[in-house]
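Welcome! Please take a look at the model below, keep your favourite viewer open, and work through the exercises at your own pace.

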Amino acid sequence: MPRAIRARRLLVDSKAAIIADGAVIVDGAVIVAAGPWTALASTLATDTVVSDLGDVTLMPGLFDCHVHLSMDPGSGVTSTAARSADEATLVSLMESNALKLLDAGITTVRDLGCPGTHAVKLRERIHAGEIMGPRLQVTNAPITVPGGHAHAMGGIAIGVDEVRAEVKKRASEGADLIKVMSTGGFMTAGSGPARARYTVEELKAIVEEAHAAGMPVTTHATGVEGIDRAVTARLDCIEHCAWAIEGGTRYDADIAQRIVESGIAVCPTMNTACLEHGYFCPWDERAKILANLSALREAGARMVVGTDAGIGLCHFERYADGLSVLVDAGYTLRQIVASATELAAEVCGLSETTGRLAPGLAADLVAFQGNPLEDVKAFLEPRFVMARGREHTLTPIAPLKDVSKEVARIWETLRKGAGLSTDPPKK
């Protein structure tokens with residue numbers, strides 16, 4: 001039966017004004033109407049169930065465009081080679097992590113690296129309504145060079161013929177998009193985060209093969225050289241875009257301008273590791289990370305929100321931590337909402353499915369205590385979540401714990417694996 005969800009404040013999209021005393025009418029998995037309660041109340045069918053959420057802001061469900069559901073952040077893992085003991089344990093972990101994403105108000109997710117086809121199977125079970133979870137887009141194993149970042153997941157290929165074959169394999173597995181490791185990564189010791197691992201020719205072959213199959217391509221690219229090659233090859237999205245060089249980072253304005261001109265999206269993966277208190281992002285000192293991101297923002301790059309949730313101490317439900325880092329980098333709260341809703345939907349090819357509260361779109365809703373357009377801390381207090389018309393029973397988000405010893409260990413391990421100084425990070 002239809003349901004009317006009423007709230008003190010309603011935000012139908014990132015550009016809209018807040019509607020005082022608004023409501024969204026849902027029928028099954030679809031939005032029927034959204035607007036002022038006074039305008040909608042008289043239109044309700046007699047069997048409509050009305051839920052008044054009270055003093056909250058109701059808005060579109062959020063996107064996390066970069067997670068790893070097969071990883072356990074509580075384990076303090078520092079390697080992509082980490083594995084669960086058996087398949088049943090891995091499946092249970094992924095299901096649990098999916099629910100934690102819903103706890104944060106996230107209703108659409110890109111899983112950008114998982115061994116085998118576990119992510120495809122989870123996507124299909126969620127889609128069929130067998131279990132609760134966010135809408136998933138998945139890559140399965142990333143394409144990477146021998147010994148390259150995340151090679152333990154599979155997907156190893158070198159040369160044009162081999163990378164094309166890996167793209168075809170992902171398509172046959174049912175993946176939604178392709179991920180390629182254009183550089184090494186901090187979580188794969190010795191792979192070289194600043195080092196480009198694929199030629200432009202190989203990257204162009206991946207793009208050509210993927211686009212022919214109707215699949216976009218995103219890339220892990222932490223190093224400047226790898227970012228440059230990814231832009232030249234016209235990939236669709238760049239993950240991290242950390243501007244790494246040997247010994248630190250160096251923002252490149254010319255490359256950034258080409259990113260903007262090419263319309264390539266950037267997912268900078270800000271997360272708990274990037275918070276001022278307890279900072280442990282291994283790329284560089286925090287001030288430089290924020291300066292690099294701010295420069296990319298000022299250049300006009302399209303940014304989508306992603307957290308890399310699943311890596312050590314970056315918990316799925318702590319999505320708001322990354323949003324607060326974006327505020328520190330100069331993003332306005334409206335820009336952040338756009339990057340977590342409509343813009344993310346556009347980059348994921350889901351603009352006609354979700355990302356706004358409009359008739360005919362999916363009933364993906366989240367309500368936060370307070371007003372997310374006034375205080376980023378509001379994102380830490382979800383009060384209602386609905387994914388495709390199904391309400392999720394929320395588990396409150398726990399406060400951050402003192403994990404300073406784990407933070408120091410992770411910082412030292414990742415920096416050492418990348419051949420960098422392991423001196424304590426500068427804020």
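Some exercises with worked solutions follow.

Before starting, note that this is a predicted model, in which local features need pLDDT of at least 70, side-chain atom pairs count only at pLDDT 80 or more, and totals for chains, interfaces and linings use all residues. Residues are numbered from 1 along each chain as its sequence is written, and side-chain values use heavy atoms, with hydrogens and water left out.

**Exercise 1. The two domains**

Task: Find the bounds of domain 1 and domain 2, and state what separates their centres.

Solution:
- Step 1. Domain 1 is made up of 2-60 + 359-392, while domain 2 covers 62-348; such bounds come from an automatic or database domain assignment.
- Step 2. Taken over C-alpha atoms, the centres of domain 1 and domain 2 are 30 Å apart.
- Step 3. To the contact, domain 1 gives 28 residues and domain 2 gives 26 residues; contact means heavy atoms within 4.5 Å.

**Exercise 2. The interface in area and chemistry**

Task: Describe the interface of domain 1 and domain 2 by its buried area, its polar links and the elements that supply it.

Solution:
- Step 1. The size of an interface is often given as the accessible area lost when the parts come together. Buried area is the accessible area (1.4 Å probe) that two parts lose on being put together, summed over both.
- Step 2. For domain 1 and domain 2 this comes to about 2,200 Å², with 64% of it on carbon and sulfur atoms. On the side of domain 1, the residues losing the most area to domain 2 are S14, R388 and H392, together 28% of what that side buries.
- Step 3. Between domain 1 and domain 2 there are 2 salt bridges, a salt bridge being a side-chain nitrogen of Lys or Arg within 4 Å of a carboxyl oxygen of Asp or Glu. D364 and R135 also meet in a salt bridge through their side chains, at 2.8 Å from N to O.
- Step 4. The interface has 7 residue pairs in polar contact, both residues at pLDDT 80 or more. A polar contact is a pair of N or O atoms within 3.5 Å; within protein, one must be able to donate a hydrogen and the other to accept it, and residues adjacent in sequence count only if both atoms are side-chain atoms.
- Step 5. On the side of domain 1 that touches domain 2, β5 (56-60), β15 (365-369), β16 (382-387) and β17 (390-392) each supply at least two residues. The largest share there, 4 residues, is that of β16. Helices (H or I, at least four residues) and strands (E, at least two) are DSSP runs, numbered from the N terminus.

**Exercise 3. A histidine in a strand**

Task: Where does H220 lie, and is H220 buried or exposed?

Solution:
- Step 1. H220 belongs to strand β10 (residues 217-223).
- Step 2. H220 counts as buried because its relative accessibility is 4%; buried means under 20% relative accessible area, exposed over 50%, partly exposed in between (1.4 Å probe, protein chains only).
- Step 3. Leaving aside residues up to four places away in sequence, H220 touches several residues, including H149, K179, E239 and H240. With H240, the side chain of H220 makes a side-chain polar contact of 3.2 Å.

**Exercise 4. Salt bridges and their surroundings**

Task: How many salt bridges does the structure hold, and how exposed are the partners E225 and R229?

Solution:
- Step 1. The structure holds 23 salt bridges.
- Step 2. E225 and R229 form a salt bridge, with their closest N and O atoms 3.1 Å apart. The two are separated by about one helical turn because they are 4 residues apart in helix α6 (residues 224-232). E225 is partly exposed at 39% relative accessible area, and R229 is partly exposed at 23%.
- Step 3. Now try D321 and R318, whose side chains meet in a salt bridge at 2.9 Å, N to O. D321 is buried at 4% relative accessible area, and R318 is buried at 10%.
- Step 4. For E130 and R125, the side-chain salt bridge is 3.5 Å, N to O; E130 is exposed at 55%, whereas R125 is partly exposed at 27%.
- Step 5. Finally, a network of salt bridges links R8, R9 and D55.
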